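Q: I've got a model open and I'd like to learn how to read it, piece by piece. Can you walk me through it?

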Amino acid sequence: MRPLAEIQHDFTGALLQARQQVPAAVAQFTTGRSRERRFGVYRNNVKASLVATLTAKFPVVHRLVGEEFFEATALVFIERHPPRSPVLAEYGGDFAVFLETFEPAADLPYLPDVARLEWARQRAFHAADATPVSIDRLAALAAGDLGAARLVLHPAATVVVSPWPIVSIWTTNTFDAEVRRIGPDRPGETALVTRPDHEVLVSLLPPGADQLLAALEQGAPLGDAMANLPDAFDLPTTLASLFGAGAVFRILEGLPA
């Protein structure tokens, strides 16, 4: 008798690959067209559930391309990137990378970054809970201590940088009954995704804010994190956006020993 793991591998592969035949472990119990039809029903149900999962996780991508195009795209993605975990909440992380090289979507170059934004929202929703701190906590520090303060980012905080206006695209396709046209002349945008309480938020950050957050995430003090930023960088607006969106949940005073 073949090992169970081998039988399961063949069964899973046949489910997600339309061109594969009914696995031998199943075929031995049925015959002829009945075998193909029964397995085909199960295969279609599995794929339909995965398409529905992707639709729920990427609603703006779905709206941008339409029902038929999204379903066809999702089916190709499912075959190339089958689930690796029984937890459906973890499925879809490769969708943005897949869209980058998916030729039928080449005319929509902003689509992968919109998918990244939507996946960041999924990650934020399932991230660990943490209570954010108020900007008043930072304002209470003495002027000489600000540079040494280290801002610890909320577990749900993620930054998505794009040469495309992804925040504007996501916003109008999420909240507007009639989608606003976002012209090709619009500059790129940096999105901040957070979940300070129970609701996932998407905020627009000033240009260059991603560099600041990358340094803070590495544990750099605020003074060091600001060192390589351009002179025109809008620090007050950036800090107000970070704290206002609940992206900071701890402030460590002084440099580590």
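**Reading the sheet and what packs on it**

A: Sure, let's begin with strand pairing: S2 and S3 run antiparallel and are joined by five bridges. Keep in mind that this is a predicted model.

Q: Which residue of S3 is the bridge partner of Val-161?

A: Thr-190 is the S3 residue paired with Val-161. On the S4 side, Thr-190 stands opposite Leu-205.

Q: How many bridges pair S3 with S4, and in which sense?

A: Strand S3, residues 189-194, pairs with S4 over five bridges, in the antiparallel sense. Val-193 faces Val-202 of S4. The link between S3 and S4 is a hairpin of six residues.

Q: What is the strand order in the sheet, and is the sheet open or closed?

A: It's an open sheet of three strands, in the order S2-S3-S4, and the pairing is antiparallel. Strand S2 (158-162) and strand S4 (201-205) are the edges; each has a single partner strand, so one side of each has no neighbour in the sheet. From one strand to the next, the twist averages 25 degrees.

Q: Now burial. How many residues of S3 are buried?

A: Take the cut-off as under 20% relative accessible area. Six of the six residues of S3 are buried, so S3 is largely enclosed by the rest of the structure. Side chains alternate here: Glu-189, Ala-191 and Val-193 point one way, Thr-190, Leu-192 and Thr-194 point the other way, and all are buried.

Q: Which face of S2 is covered and which is uncovered?

A: In S2 the covered face has Thr-158, Val-160 and Ser-162, while Val-159 and Val-161 make up the uncovered one.

Q: Which helices lie across S2, S3 and S4?

A: H7 is one of them, and runs at about 175 degrees to S2. Helix H10, residues 209-217, also lies across S2, S3 and S4, at about 145 degrees to S2.

Q: Next, helix against helix. At what angle do the axes of H7 and H9 cross?

A: For a helix pair, look at the axis distance and the crossing angle. Helix H7 (residues 111-126) and helix H9 (residues 166-175) have axes that come within 9 Å and cross at roughly 70 degrees. That's why H7 counts as roughly perpendicular to H9. The crossing of H7 and H9 is right-handed.

Q: Which residues make the contact?

A: A handy general idea for helix faces: an α-helix has 3.6 residues a turn, so residues three or four places apart point the same way. Here H7 brings Asp-113, Val-114, Leu-117, Glu-118 and Arg-121, and H9 brings Ile-166, Ile-169 and Trp-170. By type, the residues of this H7 and H9 contact are five nonpolar, no polar and three charged.

Q: Is H9 mostly covered or mostly uncovered?

A: H9 is mostly covered, with seven of its 10 residues buried. The buried residues of H9 are Ile-166, Val-167, Ser-168, Ile-169, Trp-170, Thr-172 and Asn-173. Their cover includes helix H4 (59-65), H7, S2, S3 and S4.

Q: What about a single charged residue, say Lys-57: buried or exposed?

A: Check the relative accessibility rather than guessing from the residue type. Lys-57 lies in helix H3, residues 32-57. Lys-57 counts as buried because its relative accessibility is 7%.

Q: Which residues is Lys-57 in contact with?

A: Leaving aside neighbours within four places in sequence, Lys-57 contacts Leu-88, Ala-89, Glu-90, Tyr-91, Glu-118, Trp-119 and Gln-122. Glu-118 also belongs to the H7 side of the contact with H9. Lys-57 and Glu-118 are 61 residues apart in sequence, and their C-alpha atoms are 6.9 Å apart in space.

Q: Where does a positive phi turn up by H12?

A: Gly-246, just after H12, takes a positive phi of about 75 degrees. Helix H12 itself covers residues 235-244, and its buried residues are Leu-235, Thr-238, Leu-239, Ser-241, Leu-242 and Phe-243.

Q: Zooming out, how many helices and strands does the chain have?

A: The chain has 12 helices and five strands. Of its 257 residues, 42% count as buried. For contacts between residues at least 6 apart in sequence, 70% join residues at least 24 apart.

Definitions and conventions. Residues are numbered from 1 along each chain as its sequence is written. This is a predicted model: local features need pLDDT of at least 70, side-chain atom pairs count only at pLDDT 80 or more; totals for chains, interfaces and linings use all residues. Side-chain values use heavy atoms; hydrogens and water are left out. Axes are lines fitted to C-alpha atoms, for helices over the stretch in contact, and angles run from 0 to 180 degrees between N-to-C directions. Helices (H or I, at least four residues) and strands (E, at least two) are DSSP runs, numbered from the N terminus. Angles under 35 degrees count as roughly parallel, over 145 as roughly antiparallel, 65 to 115 as roughly perpendicular and the rest as oblique. A crossing is left-handed if the near helix is turned anticlockwise from the far one by less than a right angle, and right-handed if clockwise. Contact means heavy atoms within 4.5 Å. Ala, Val, Leu, Ile, Met, Phe, Trp, Tyr, Cys and Pro count as nonpolar, Asp, Glu, Lys and Arg as charged, and the others, Gly among them, as polar. Two strands pair if DSSP finds at least two bridges between them. Buried means under 20% relative accessible area, exposed over 50%, partly exposed in between (1.4 Å probe, protein chains only).
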